[in-house]
Structures are given as C-alpha cells and as structure tokens.
Amino acid sequence: MSAELIFNGALFTTRTLSSLWALMFFGYAILVLDGVEAFQPRSSPARVQRNIAVTGSPLEGSDTKIGVALTREEGKNAKLLKALDADESLRTMIQPFELPCIAHADGPDFDRLHNCLLNESWDYVIVTSPEAARVLASAWDSAKMGSTKVAAVGKATEQELSDNSIHVVFTPSKAYGTTLVEELPGSKGTKVLYPASCRAPGTVADGLEQRGFVVTRLDTYDTVTASWGESEQKTSQQCQIACFASPSSIHGWLENTGNNKEVVAACIGATSAKACQELGWDDGAIFFSPGSPGIDGWVDSIRNAVEKLNGGAS
C-alpha cells in the first residue's frame, strides 16, 4: 500500500495535491493510505427521546462480518447503504447497522426565515447541508422568490434543493465552507442570507464578512442527541466501525455508547475527522477522503477502515 507524508506544510505526493488546503490547517502530519487519510500526530447537548428502529438484519455468515454503524439521523442513511451494497467486495465483508445518533429540531430563528425571505432582498441565500436545504424548502415560495440566487455546498445539498424545485446558481469546487468563502462571486456589500444549524461554526459567516459581504445568519434548526434503548445499545456492541458525517453524530455516538472510542472512525470529510481526533480517537483509527468529501469518498474511508481491521493498514 502506498504512503506519502505531509509535514510542516509540505506535501510529498502528487496524487493528493488538490487536498493540501483542506489538511494544512489541522497542524498535524497526515499519513495518506491510498488517498484516504489516517491521522498521525507530530508528537505523541440536549437529548431527544425517539423510538429508533435498528436496521440491518443479519445475513448468512454475518457473524464473521465486520459490524458498521451508520449514525446519521433516522431515514438519512439510505444513500450510504445503497453505495455499500453496490460495492461487491465490501458487501462480503461488512454488516451495516443503522444506529441514528442525532435528530433535528427547530432552531430559535426558524420562525423568522419565511419573513426574511419574502420581505427582504438578497444577493445570495447560502445553504451548507441537506438539512438546511430541507428547512429552506419549508419556507420557500417559488412564485415570489424565483429570481433569488441560491449557493449550495456539496452534491447532497444541491440535490435536496433541486428535489424541492430550488435552483442552485453556485457550488464551490470543494464541498467545504472554507472553499465557498473563497470562491463565492461578490464584492463589498454583497447581501447574504445564511440559514444554518445552531451548532454550525462561524467559518462561513465570518469568512464572508471578512470579504466585505453583509451576512445575516439565522439559526433555523438544531441537532440533538438521539436517545437509544437496550436494542440499540446491544447492536452498537457488534460494530467495529462507526461512520460519521458530523461532529454532532460523533458526540451522539459517545453519549449513547458510554464513550466508546474503540471503533474505527470512517468519516465523510475533514471536519468530522478533526472532531474525532480532538475527542481522543487513536490517530491511526480515523479515516477520511480529503479529495472527495461525499458518499464516494465515504465508501473509500470505510474500505480503508476494513483493511485496517483486517491487518492491511497500520
């Protein structure tokens, strides 16, 4: 298996050059395993009661398979399940279980969104997650807002908007808020509405304001920890890999499993990977694909996690 090194900001590889910007701010040396990152150090909320169904019925010979926890909110793991099922080699080695670790609730600014959209003019409405897209769609009036420009981060976010008949005029070259900040067309005085999660960092709003944009952020939804029962607890004990798409799902996993960091973390992107590292995961047990944040890269991360457990990565 090939390996390259990023150290002191210098990247000794050609295959992952496009991912450099996404990695340097971590301040860590990173070991690249077939394009999927594993951290290598330079030196050594509110809860919601839900009735969650655990999906992933045992397959023939599943007792020899690696258990994989899918931790997105209930009903949002279908795309990853489909991608895993389409991968013939992975299908023979893993047993996925849907174990939602988070749920969504209205944020304090949810009721303001509709009025802001209708009664003020905006150069852009920025949407950075599929859930934010669903929230925007609930307040969108196509007849009155057909000319409003919408910018989206990530293919899944763009697809969710498209499914709700909201046209996207701009997506950044990488599915990161920092890339949106750098690439969004505009100048001083550009007026932006940013409906976001209560837990979203200030990266987007602060970055655009530094460029002179006028940003109105609305905390339209919140992410809360889903509460498990005995069935979910038992199922989690069968999992050697946990798939994370956000820091909130990581916190939900830890809270529901009694702080279990023994699982290998397969992350959708750099933000979740960094959160795992900060929360104390072993650095070599965190995998993500910096050049391909999204479902395809996520599957690559899971594949590399499986290889690690099978002795193919160190």
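In the predicted model, 12 salt bridges are present. Side chains of opposite charge can pair when their charged atoms come close. Two groups of contacts are described here, one centred on Lys76 and one on Asp87.

Lys76 pairs with Glu73 through a side-chain salt bridge, with an N to O distance of 3.3 Å. A salt bridge also joins Lys76 to Glu131, and the closest N and O atoms of this pair are 3.3 Å apart. The contact between Glu131 and Lys76 links distant parts of the chain, 55 residues apart. Glu131 belongs to helix 5 (residues 130–139), whereas Lys76 is located in the loop between strand 6 (66–70) and helix 2 (78–86). Lys76 is partly exposed, with a relative accessibility of 26%. Both acidic partners fall under the 20% limit for burial: Glu73 is buried at a relative accessible area of 10%, and Glu131 is buried at 14%. These contacts form part of a network of salt bridges that links Glu73, Lys76, Glu131, Arg134 and Glu160.

A further salt bridge is formed by the side chains of Asp87 and Arg303, at an N to O distance of 2.2 Å. Asp87 is placed in the loop between helix 2 and helix 3 (88–91) and Arg303 in helix 13 (residues 295–309); the pair therefore ties together parts that are 216 residues apart in sequence. Asp87 has a relative accessible area of 14% and is buried, while Arg303, with a relative accessible area of 23%, is partly exposed.

Notes
Residues are numbered from 1 along each chain as its sequence is written. This is a predicted model: local features need pLDDT of at least 70, side-chain atom pairs count only at pLDDT 80 or more; totals for chains, interfaces and linings use all residues. Side-chain values use heavy atoms; hydrogens and water are left out. A salt bridge is a side-chain nitrogen of Lys or Arg within 4 Å of a carboxyl oxygen of Asp or Glu. Buried means under 20% relative accessible area, exposed over 50%, partly exposed in between (1.4 Å probe, protein chains only). Helices (H or I, at least four residues) and strands (E, at least two) are DSSP runs, numbered from the N terminus.
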